[in-house]
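Here is a short report on one protein chain. Look at the structure first, then read on.

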Amino acid sequence: MELDVSQGFLHPATAFPFEASLTLEAQDVGGETVTFDPVTLEGTYFVADDTVRLEGRLTTTARAVCAVCLAPAEKAVGIDFDETFRKDANETEDECFRYEGKSVPLDHMALTLAMLNLPMRFVCGRPDCHAAAELKAWNEEGKVWKEEPESEGTYRPFEGLDVLMKKEPPEQ
Ligand SMILES: [Zn+2]
């Protein structure tokens with residue numbers, strides 16, 4: 001997705017509103033796949049001395065599996081950005097993005113922003129998630145893990161722990 005900024009070259013130092021949407025490819029984050037809903041960028045741009053400045057807000061939803069129960073989990077992403085594009089930028093060294101001609105490429109910027117703002121881990125937050133269920137059971141003495149729903153899939157990080165726990169009850 002390229003944003004046409006030719007108006008900015010005709011009228012330097014003048015802010016022009018823009019709105020763009022694009023899609024990001026699924027990303028591998030430490031072995032987990034993270035996908036993104038269509039990304040919306042909204043804001044203004046202006047051109048000064050061959051530098052294009054974009055200010056605005058990026059919104060999307062990041063999706064992955066819950067770190068606890070592997071159910072689908074999502075996280076709304078909203079990022080205020082203020083980014084600079086230069087014609088001769090070295091993106092790996094400079095703190096800005098590169099563009100050519102009279103348009104700026106938005107995909108790399110959007111992906112960079114989205115990846116920098118991912119949560120440390122995704123948690124689904126459903127009431128029957130293992131995290132919530134186990135914490136609840138933990139607090140209700142004597143009911144530890146007995147109410148684990150059978151339909152909740154195959155991932156049981158605490159399987160076997162209950163045996164240990166019965167020998168040494170946790171201190172509250
Ligand atoms: Zn969960």
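Of the 172 residues of this protein, 20% count as buried. The model is predicted, not determined by experiment. Its mean pLDDT is 83, and 75% of the residues reach 70 or more. Confidence is highest in β2, at 98. Helix α4 (residues 161-167) has the lowest, with a mean of 50. Residues 143-156 have a pLDDT below 50. Beyond near neighbours in sequence, that stretch has 19 contacts in the model.

## Overall layout

The protein has four helices and nine strands. Along the sequence, the pattern reads β-α-β-β-β-β-β-β-β-β-α-α-α. Many contacts link distant parts of the chain. Among contacts with a separation of 6 or more, 55% join residues 24 or more positions apart.

## How the strands pair

Start with β5 (39-48). β5 pairs with β2 in the antiparallel sense, through seven bridges. In that pairing, Leu22 has Val39 of β5 as its bridge partner. β5 also pairs with β6, again antiparallel, over nine bridges. Here Val47 stands opposite Val52 in β6.

β5 has two faces. Val39, Leu41, Gly43, Tyr45 and Val47 form the covered face. Thr40, Glu42, Thr44, Phe46 and Ala48 form the uncovered face.

Now move to β4 (residues 32-36). Three bridges join β4 to β3 (residues 27-29), and the two strands run antiparallel. Asp28 has Thr33 in β4 as its bridge partner. β4 also pairs with β6 (residues 51-65), antiparallel, over two bridges. In that pair, Thr35 is matched with Arg63 in β6.

The table collects these pairings.

| Strands | Sense | Bridges | One bridge pair |
|---|---|---|---|
| β3 and β4 | antiparallel | three | Asp28 and Thr33 |
| β4 and β6 | antiparallel | two | Thr35 and Arg63 |
| β2 and β5 | antiparallel | seven | Leu22 and Val39 |
| β5 and β6 | antiparallel | nine | Val47 and Val52 |

## Turns and positive phi

Two hairpins deserve a look. The hairpin of β3 and β4 has two residues between the strands, and Gly30 takes a positive phi near 55° there. The hairpin of β5 and β6 also has two residues between its strands. In this hairpin, Asp49 takes a positive phi near 50°.

Asp49 is a residue other than glycine, yet its phi is positive. Is Asp49 buried or exposed? Asp49 counts as exposed, because it has 7 C-beta neighbours inside 10 Å.

Ala13 also has a positive phi, about 60°, although it is not a glycine. Ala13 sits in the loop between α1 (6-10) and β2 (16-22). Ala13 has 10 other C-beta atoms within 10 Å, so it is exposed.

## The nonpolar core

The largest nonpolar core holds 28 residues. Which of them touch the most other members? They are Val5, Val39, Val52, Cys66, Val104, Leu106 and Ala110. The elements that give two or more residues to this core are β2, β4, β5, β6, β7 and α2 (107-116). β6 gives the most, with five residues.

Some of these names have come up before. Val39 is the bridge partner of Leu22. Val52 stands opposite Val47.

Take Cys66 next. Leaving out residues up to four places away in sequence, Cys66 touches Ala71, Ala73, Phe122, Val123, Cys124 and Cys129.

## Cys69 and Thr61

Cys69 lies in the loop between β6 and β7 (72-86). Why does Cys69 count as buried? The reason is that Cys69 has 24 C-beta neighbours inside 10 Å, and 20 or more is enough to count as buried. What lies 60 residues from Cys69 in sequence, yet 6.0 Å away in space? The partner is Cys129, with the distance taken from C-alpha to C-alpha. Cys129 is also one of the residues that Cys66 touches.

Thr61 lies in strand β6. Thr61 is partly exposed, because 14 other C-beta atoms lie within 10 Å. Beyond its neighbours within four places in sequence, Thr61 is in contact with Asp37, Glu74, Lys75, Ala76 and Val77. Take Glu74 from that list. Thr61 and Glu74 are 13 residues apart along the chain, and their C-alpha atoms are separated by 6.6 Å.

Definitions and conventions: Residues numbered from 1 in each chain as written. Predicted model: local features only at pLDDT ≥ 70, side-chain atom pairs only at ≥ 80, totals over all residues. Pairing = 2+ DSSP bridges. Buried ≥ 20, exposed ≤ 12 C-beta atoms within 10 Å, placed from the backbone. Core = buried A, V, L, I, M, F, W, Y, C linked by C-beta atoms within 7 Å. Contact = placed C-beta atoms within 7 Å. pLDDT = per-residue confidence, 0-100.
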